[in-house]
Amino acid sequence: MTEVINDTDEKQKFIRGYSAMVLYRALEKKAMAAQRQGRIGFFMQSSGQEAAQIGLSMALDEDTLFYEYYRDLPMMIHRGVPLELILNQLFGNRDDIAKGRQMPIHLLAADYNFMSIPSPVGSNLPLAVGSAFAKKYRNKSGIVEASFGDGGSSTSDFHASLNLAADLNLPVLFFCENNGWAISLPVEKQTKVEIWKKAEAYGMLGLKADGNNIMEVYKVAQEAVQHIKSGLGPVLLEVRCYRMGAHSTSDDPKKYQTDIVAEGSEKDPIVATEKILKEHGYLNDQMIANIRAESEKIINEKFEEQEKIPPPDRSTMFDDVYKERTWVLNEEEDEYR
Amino acid sequence: MSIMNMVQAINHTLDFSMSEDDSVILLGEDIGKDGGVFRVTDGLQAKFGEQRVIDTPLNELGIVGAAIGMAVSGLKPIPEIQFQDFIFTSMDQIINQMAKMRYRTGGTVTVPLVLRTAVGGGIKGGLYHSQSGESYFVHTAGLTVVMPSNPLDAAGLLFSSIGYGDPVIFLEPKKLYRSEKIEVPDERFDVAIGKASLIHEGDSLSIITYGSMVPVVKKTVENNSLDADVLDLRTLSPLDVDSIVKTAKKTGRVMIVHEAPRTLGMGAEISALISERAIEYLYAPILRVTGLDTPFPYRLEDLYFPDERRILNASSKLMEYR
Ligand SMILES: Cc1ncc(C[n+]2csc(CCOP(=O)(O)OP(=O)(O)O)c2C)c(N)n1
């Protein structure tokens with residue numbers, strides 16, 4: 001393998017990025033199988049969006065705050081969120097930070113700067129604006145990242161958030177992961193113009209990148225970050241990628257989806273990334289085989305371990321509604337004994 | 001007559017109503033090609049076209065607001081919100097436009113629409129796919145709120161709601177969507193809005209309930225041979241005050257069972273009505289068996305619902321009270 005000396009950091013960065021993609025994919029496969037066996041209740045796949053997310057993540061600094069959405073698990077893995085923490089939430093077990101209260105895939109990893117995910121689409125976006133204001137007001141370093149899908153770009157929250165962020169000139173990166181679908185609606189039915197173009201109407205920079213090209217996303221994301229850090233205001237970055245699976249494990253896309261992308265095809269971002277990184281001399285077939293085998297092993301082991309942890313105690317149901325339990329909750333718990 | 005579950009009964013009613021009246025328009029997310037995430041509108045776009053079954057972008061406020069506009073302009077829109085939890089993003093349109101149009105126009109402009117949505121738990125949907133928000137709507141003057149508990153009532157109430165003349169919030173307990181198949185007439189028939197249904201008769205106590213809790217109460221009463229009146233409210237606003245007061249006076253012991261949280265839930269209102277109108281007939285305090293005043297939990301979902309044990313506890317308390 002040829003190594004150019006000043007290339008080494010970039011190379012390591014891309015290998016790490018690629019490894020995170022493969023590790024995520026191994027997790028997804030395991031989780032989908034577990035869901036079908038009734039071992040976890042629900043899952044939402046991110047396959048098709050890995051290169052887009054990790055290309056972005058590679059361009060973001062340590063001090064980035066994430067208002068991610070439910071398909072951002074690959075990005076979380078890339079940023080070092082421990083598998084235990086993720087799996088505890090998938091199982092909703094006793095050790096889950098959220099005490100088994102949220103549906104699987106509504107993740108939280110505050111120690112890794114990932115905020116808690118709500119189900120209502122788009123409702124993470126105004127909060128990102130508020131956090132960006134707080135950062136600016138307190139002179140804190142770092143920007144705020146807020147992800148959403150093409151469907152999310154139709155919500156009132158999206159429009160309110162872009163408008164306010166531009167008005168207040170805040171350090172937010174709005175990251176639209178356009179996977180082509182919002183459940184059954186193709187993006188052409190969601191919006192009449194490309195989503196990144198909407199930025200202009202709000203007075204901010206709009207950028208787009210091919211979400212299947214990790215290098216392109218990385219480069220465009222760096223440009224976005226530079227722009228935001230220079231105090232020039234928020235950016236809307238749209239990446240075009242693919243939803244390779246169903247919307248969720250409760251959905252059957254056969255009825256509506258016309259462009260199902262098969263695993264292993266050139267539109268599969270793992271395949272696309274392997275090709276790009278091989279061309280750059282960053283990866284070779286042996287490394288790929290090793291990374292894949294290692295990932296599967298890790299995921300299999302972790303799954304078995306975390307699955308053994310029991311569910312939360314029933315009394316936890318009454319905690320955290322308020323800072324102290326009210327008389328109402330105490331009475332209701334008594335009724336349950 | 002055909003044997004139908006609740007999803008099929010609602011689908012049939014929509015189909016029938018759209019065939020009869022071309023002012024009936026459906027709109028919502030994924031309701032067209034996909035037939036709705038619960039398949040309630042399955043096949044309707046193929047039959048009636050994209051002008052009558054509109055797949056909208058992802059924006060509930062837009063869906064509801066546009067439906068109000070259609071309604072004031074002479075159509076009978078039936079917007080669908082996938083999960084009631086997401087209606088909250090359109091509450092401004094519901095509370096400030098839909099509910100107030102008749103009043104603020106001196107009765108000259110009305111909003112004849114039916115806003116359909118899936119409510120309650122039972123599908124492991126966690127915090128945001130399980131809420132029972134009927135109190136928010138019942139608390140808002142100008143809204144009519146119904147919640148069927150079986151396929152027959154679902155069809156009959158929906159027929160009555162379409163063309164009712166006022167906005168109807170039509171709450172479908174998703175737990176019951178496929179739980180029971182019964183005979184439903186193929187022809188149009190109406191279940192009157194504002195009328196409860198006495199589904200079991202007894203003299204010792206009254207259990208007032210609705211929606212997802214009806215089968216639970218029914219089973220508990222039957223399995224334990226409780227000598228109880230069981231009232232399925234069916235309409236939550238306006239309440240069938242006559243039936244409520246009648247059964248309270250008859251038995252003197254009243255329990256209210258619902259899935260929604262207790263505080264300011266339907267139980268509070270029903271209890272107040274009975275206190276105001278029949279307190280001298282009561283032998284025991286009115287008891288509520290309800291969902292919890294917590295958000296809806298994912299992993300412990302089964303513990304959240306009122307169940308046989310809690311209903312029996314309440315019934316013992318009522319019977320033993322002196
Ligand atoms: C406000 C709101 N309305 C409806 C839903 C139901 N829902 C969940 S995901 C989804 C589609 C989202 O599509 P998109 O934003 O493109 O993201 P993707 O799932 O494709 O990644 C819908 C309609 C919801 N969660 N929130």
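**Exercise 1. The ligand and its polar contacts**

Find the polar backbone atoms that meet the ligand, and work out how much of the ligand stays exposed.

*Solution.* Start at Gly152(A): one of its polar backbone atoms lies 2.8 Å from an oxygen atom of the ligand. Keep in mind as you go that this is a predicted model. Next, turn to the nitrogen atoms of the ligand. A polar backbone atom of Val121(A) is 2.9 Å from a ligand nitrogen, and a backbone N or O atom of Ser119(A) is 3.1 Å from a nitrogen atom of the ligand. Finish with the surface: the ligand taken alone exposes 580 Å², and the protein buries 97% of that area.

**Exercise 2. The shell around the ligand**

Decide which chains build the ligand site, and sort the surrounding residues by class.

*Solution.* Begin by collecting the neighbours, with a cut-off of 4 Å between heavy atoms. This gives 20 residues around the ligand, and the closest are Tyr69(A), Arg71(A), Gly151(A), Trp181(A) and Glu60(B). Now read the chain letters: the surrounding residues come from chains A and B, so the site is shared between chains. Last, sort the shell by class, which yields nine nonpolar, seven polar and four charged residues.

**Exercise 3. The second largest pocket**

Describe the second largest pocket by its volume, its lining and the elements that contribute to the lining.

*Solution.* First the volume: the second largest pocket holds about 760 Å³ of space. Then the lining, which counts 34 residues; nearest the centre of the pocket are Ser132(B), Tyr136(B), Pro261(B), Thr263(B) and Asp293(B). Now assign the lining to elements. Two or more residues each come from helix H12 (327-336) of chain A and, in chain B, from helix H6 (134-138), strand E13 (254-261) and helix H10 (266-278). Which of these elements gives the most to the lining? It is H6(B), with four residues. To close, the class count of this lining is 19 nonpolar, ten polar and five charged residues.

**Exercise 4. Two cavities**

Search the whole structure for cavities of 30 Å³ or more, and describe the lining of each one found.

*Solution.* The search turns up two cavities. Take the largest cavity first, with a volume of about 70 Å³. Its lining includes Val119(B), Ser132(B), Met147(B), Tyr210(B) and His258(B). E13(B) gives the most to this lining, with three residues. By class, the lining of the largest cavity has five nonpolar, five polar and two charged residues.

Move on to the second largest cavity, which has about 50 Å³ of space. Among the residues lining it are Phe38(B), Glu80(B), Arg116(B) and Tyr177(B). Strand E4 (76-81) and strand E5 (114-119) of chain B are the elements that give two or more residues to this lining, and the largest share, three residues, comes from E5(B). Its classes come to six nonpolar, three polar and three charged residues.

**Exercise 5. The build of chain A**

Judge how compact chain A is for its length.

*Solution.* Start with the secondary structure of chain A, which comes to twelve helices and seven strands. Then compare two values: the radius of gyration of chain A is 20 Å, close to the 20 Å that the globule rule gives for 337 residues, so chain A is as compact as a globular protein of that length. To complete the picture, the C-alpha trace of chain A spans about 65 × 50 × 45 Å along its principal axes.

Note on methods
Residues numbered from 1 in each chain as written. Chains lettered and ligands numbered in written order. Predicted model: local features only at pLDDT ≥ 70, side-chain atom pairs only at ≥ 80, totals over all residues. Heavy atoms only, no water. 1 Å grid on protein atoms, 1.4 Å probe; cavity = no way out; pocket = protein on both sides within 12 Å on 5 of 7 lines; lining within 4 Å. Points joined across faces, edges and corners; volume = space filled by probe spheres on them. Nonpolar A, V, L, I, M, F, W, Y, C, P; charged D, E, K, R; others polar. Polar contact = N/O pair within 3.5 Å; in protein donor to acceptor, adjacent residues only side chain to side chain. Areas by Shrake-Rupley, 256 points an atom, 1.4 Å probe, with all protein chains shown as cover. Rg over C-alpha atoms; globule rule 2.2 N^0.38 Å.
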